[in-house]
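This report looks at aromatic side chains, at how their rings pair, and at where charged groups sit over them.

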Amino acid sequence: MSSRGILVVDLGTSKAHANLIDIETGSLLENSAVSYDFSSPSEGFAEIHIDTIWEAAQDAVGNIMECIGDNSIAALTFSFFGAQLVTLDEEGSEVFPAIISFDNRARDEAEEIRRIIPEKGLNCIVRGGLGSEANPSKVLWLWKHYPEQFKKIRFVTTIAQYIYLKLGLPLCTERSMIHTLQFHRQDGTMIPGLAEACGLSEEHFSYPVCGGDQVLGHISHFGNAVLPEEIPVLPGGHDCILAQIGCGVLPEGGNILGNVCGTYDILGYLVPADHVKGRDEECLTTPLKDTLSFMYGGPTGAQLSENVRKLWGYCSGELLTKLFEKAVFDGEHGGLWADADWDMIKIFPESLKVYGEQRIFESIVEEITFGLKKENLDVLCEKHEGPFDVIRAGGGASRSKSWIQLKADVFNTDLEIPESEEVSSLGAAIIAAAAIGMYPDLKAASGNMVHVCEVFHPRRAQVYEQLYRKYTLIKRIRGEK
């Protein structure tokens with residue numbers, strides 16, 4: 001039986017995904033993923049030629065076209081990973097390789113910018129202050145190290161604008177992506193003096209800003225991939241914001257907190273812009289008109305992998321699966337994070353023999369989960385002026401049932417798992433489906449396309465509430481945040 005879908009090109013930090021999402025049910029009709037690798041020519045560098053990503057995206061779409069069968073495509077849209085730095089010349093060609101968010105070459109430059117621009121002005125773009133991983137720091141680094149080549153830059157953009165240009169669409173940026181460049185306030189105006197401090201001017205950002213629900217144009221080819229028919233193209237948006245929508249989080253009509261689980265654990269909710277007047281600099285812009293997002297998160301997956309790698313000597317999906325399958329999160333087996341020597345225990349492989357592999361692993365996961373609550377969930381609940389009725393957890397790490405149950409216990413909230421793991425693609429598809437008239441509004445599209453397949457209720461909330469209090473007390477005693 002044939003179905004009609006939204007084709008979402010989802011560009012992540014390591015793969016280009018092409019996902020065909022059923023308009024009626026939100027299910028995944030077809031999908032393809034093509035990997036790419038970042039290079040690190042020097043310590044702390046993380047960069048990639050943007051044509052590498054473009055070629056991977058073409059291959060992924062081409063793979064979908066080979067197996068699409070009787071299914072049809074109603075529209076094309078996108079999901080983009082955030083905080084990349086792309087520099088283009090007058091012809092739209094790459095000037096420097098794209099620099100990725102976790103590149104930290106620009107430590108000295110970050111300090112230099114902080115001396116020039118008041119801290120208050122920078123906090124609205126980088127929570128907690130501007131550091132080496134921020135795009136302004138990287139731009140300044142390029143200006144100082146390659147001044148002649150730097151002069152060729154005409155546009156400072158993200159990968160989104162480059163893809164639009166390759167498709168023959170106008171150069172523009174979508175609302176949630178402009179914020180990832182980290183030169184703008186929430187209202188779209190530029191932070192005074194920041195561009196000039198980095199060797200730029202406002203002309204380097206002189207392209208229109210559009211919403212994620214606007215049609216940019218129509219195409220019949222995605223590069224070398226031939227589409228079945230000419231289809232409208234929408235700009236999509238920032239993957240973390242889209243994932244909230246893919247979890248069923250809406251600006252009104254629900255009390256749901258989204259949780260995207262992966263390398264980063266992102267918690268967030270949407271709110272009408274007029275509900276947060278005076279606090280809008282605390283929010284992120286979204287693909288939706290007059291809608292902002294409160295969003296916090298941390299690198300929980302990365303922290304877990306790093307700790308496992310230090311102790312076991314390696315970290316793989318197979319090893320993590322084995323450890324989680326054996327894990328018992330009951331508030332009794334872990335707890336080593338309370339030990340005075342915990343910082344030493346979790347870096348010496350000999351500790352595995354002394355304390356046991358599982359107890360150390362469970363303690364690491366408990367500590368990471370407590371940190372996620374303290375630094376992110378508690379902050380969001382305060383901004384929300386109360387707890388959430390439910391947390392929707394999507395993304396690859398949501399498949400770890402024992403960790404999801406631990407979150408339900410620590411957060412003392414029901415955690416629901418959406419049927420689709422591709423929540424950012426689903427969020428982009430929901431926006432597109434409503435925008436092209438397949439549904440009367442976003443709420444109707446979400447109601448038909450988002451489905452919960454499993455619910456985790458708190459089982460040991462009282463036990464973990466006591467342990468969480470102990471955790472926060474120990475943090476204060478140790479002088480840690």
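At 24% relative accessibility, Phe-38 counts as partly exposed, since buried means under 20% relative accessible area, exposed over 50% and partly exposed in between (1.4 Å probe, protein chains only). Its partner Phe-102, at 42% relative accessibility, also counts as partly exposed. This is a predicted model, in which local features need pLDDT of at least 70 and side-chain atom pairs count only at pLDDT 80 or more, while totals for chains, interfaces and linings use all residues. Residues are numbered from 1 along each chain as its sequence is written, and side-chain values use heavy atoms, with hydrogens and water left out.

The structure holds 23 aromatic pairs, where rings of Phe, Tyr and Trp (its six-membered ring) pair if their centres lie within 6.5 Å, and planes under 30 degrees apart count as stacked, over 60 as edge-to-face and the rest as tilted. Two of these pairs are set out here.

| Pair | Centre distance | Plane angle | Class |
|---|---|---|---|
| Phe-38 and Phe-102 | 6.0 Å | 85° | edge-to-face |
| Phe-370 and Tyr-468 | 5.9 Å | 50° | tilted |

Phe-370 in helix 14 (residues 357-384) and Tyr-468 in helix 18 (residues 461-477) are 98 residues apart, so that their pair links distant parts of the chain, with helices being DSSP runs of H or I of at least four residues, numbered from the N terminus. Both Phe-370 and Tyr-468 are buried.

One aromatic cluster is formed by Trp-54, Phe-78, Phe-80, Tyr-164 and Phe-222. The charged end of Arg-105 sits over the ring of Phe-45, 3.8 Å from its centre, a placement that requires NZ of Lys or CZ of Arg within 6 Å of the ring centre and within 35 degrees of the ring normal.

Definitions and conventions: Helix = DSSP H or I, 4+ residues; strand = E, 2+ residues; numbered from the N terminus.
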